[in-house]
Amino acid sequence: MSGQNDTSPKRPEHTGSPPPPVVPTAPPAALAADVENQTTGTGLGVPGILRRWKRDDSLRRGSLALRGLSTVSSFLAFIIMASNKHGDSEDFNQYEEYSYVLAIAILSMLYSGMQAARHVHQLSTGREVVQRRTSALADFIGDQILAYLLISSSSSAIPSTNRLRDEQIDVFTDSSAAAISMAFLAFVALALSALISGYKLSSQSYI
């Protein structure tokens, strides 16, 4: 019996619980620098929010100006081409290219006018007519489609106008060239607007 008691393992005696680990703490100055870097250096906090609001407001106003320019240019292209009737062969109805310019100018005028009215309502009331993400996607697609149609109509009408002006320069050819120029200006405005719409779409949060 005594041999068994001698060979049994001995348990260590507990002299007390170990002391808690010491966690190093940063000095107050380091913590203050950390907070300052998060609020100013990375664009968070009040300064970052204010910068984002100013950028968004500038984009909205720029988009409104471009859509207004597109509306006016498309309206002028429509009026000039629709009134370009001088009898016989000097009638825009006699040329498919000019009828195409007229039709696209009407579409561009309606689209740009409605978009400009929506932006005016948003700036005046501060409320979105539709959801922001849906609006950004619709603007991006619509701007690209109308810009393509405008440059397509202008490109198709330029060769006919150059050919007519080589034969004779008169009011009909001058009016045709003016209408094409206005359609091209509307294309430039909508192309720039498409860039803004694309930026808005890419900056949307999908989380």
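Asp143 is buried, with a relative accessible area of 0%. This is a predicted model, and Asp143 is a good place to enter it. Asp143 forms a salt bridge with Arg67, and the closest N and O atoms are 2.8 Å apart. Asp143 belongs to helix H5 and Arg67 to helix H3, so the pair ties together parts that are 76 residues apart in sequence. Arg67 has 0% relative accessibility and therefore counts as buried, the cut-off being under 20%.

Arg67 also forms a salt bridge with Asp139, where the closest N and O atoms are 4.0 Å apart. Here too H3 is tied to H5, so parts 72 residues apart in sequence are brought together. Asp139 is buried, at a relative accessible area of 6%.

Helix H4 comes in through Arg118. This residue forms a salt bridge with Asp139, with 2.7 Å between the closest N and O atoms. Arg118 sits in helix H4 (residues 96–125) and Asp139 in helix H5, 21 residues apart. Both Arg118 and Asp139 are buried. Salt bridges with shared partners join Arg67, Arg118, Asp139 and Asp143 into one network. A search of the whole structure finds four salt bridges.

Now step back to the fold. The protein chain has six helices and zero strands. Of its 207 residues, 31% are buried. Take the contacts between residues at least 6 apart in sequence: 77% of them join residues at least 24 apart.

H5, which carries both aspartates of the network, covers residues 132–167. Its 36 residues reach 52 Å from the first C-alpha to the last, close to the 52 Å expected at 1.5 Å a residue. H5 still bends, by about 25° at Ile158. A proline, Pro159, follows within four residues.

H3 (residues 45–82) deserves a second look. Gly62 lies in this helix. Gly62 is partly exposed, with a relative accessible area of 26%. Its C-alpha atom is separated by 8.4 Å from that of Ile196, although the two residues are 134 apart along the chain.

Leu69 is also in H3. Unlike buried Arg67, Leu69 is partly exposed, at 36% relative accessible area. Leu69 joins Phe184, Leu185, Val188, Leu192 and Leu195 in a nonpolar surface patch. Together these residues have about 490 Å² of accessible area. Helix H6 (residues 171–202) gives the largest share of the patch, five residues. For the protein chain, the accessible surface comes to about 13,500 Å², and carbon and sulfur atoms account for 63% of it.

Conventions. Residues numbered from 1 in each chain as written. Predicted model: local features only at pLDDT ≥ 70, side-chain atom pairs only at ≥ 80, totals over all residues. Heavy atoms only, no water. Helix = DSSP H or I, 4+ residues; strand = E, 2+ residues; numbered from the N terminus. Expected span 1.5 Å × (residues − 1). Bend = angle between axes of the 7 residues up to and from the residue. Buried < 20%, exposed > 50% of the residue type's maximum accessible area, 1.4 Å probe, protein only. Contact = heavy atoms within 4.5 Å. Areas by Shrake-Rupley, 256 points an atom, 1.4 Å probe, with all protein chains shown as cover. Patch = residues over 30% accessible without salt bridge, like charges linked within 9 Å, V, L, I, M, F, W, Y side chains within 5 Å. Salt bridge = Lys/Arg side-chain N within 4 Å of Asp/Glu carboxyl O.
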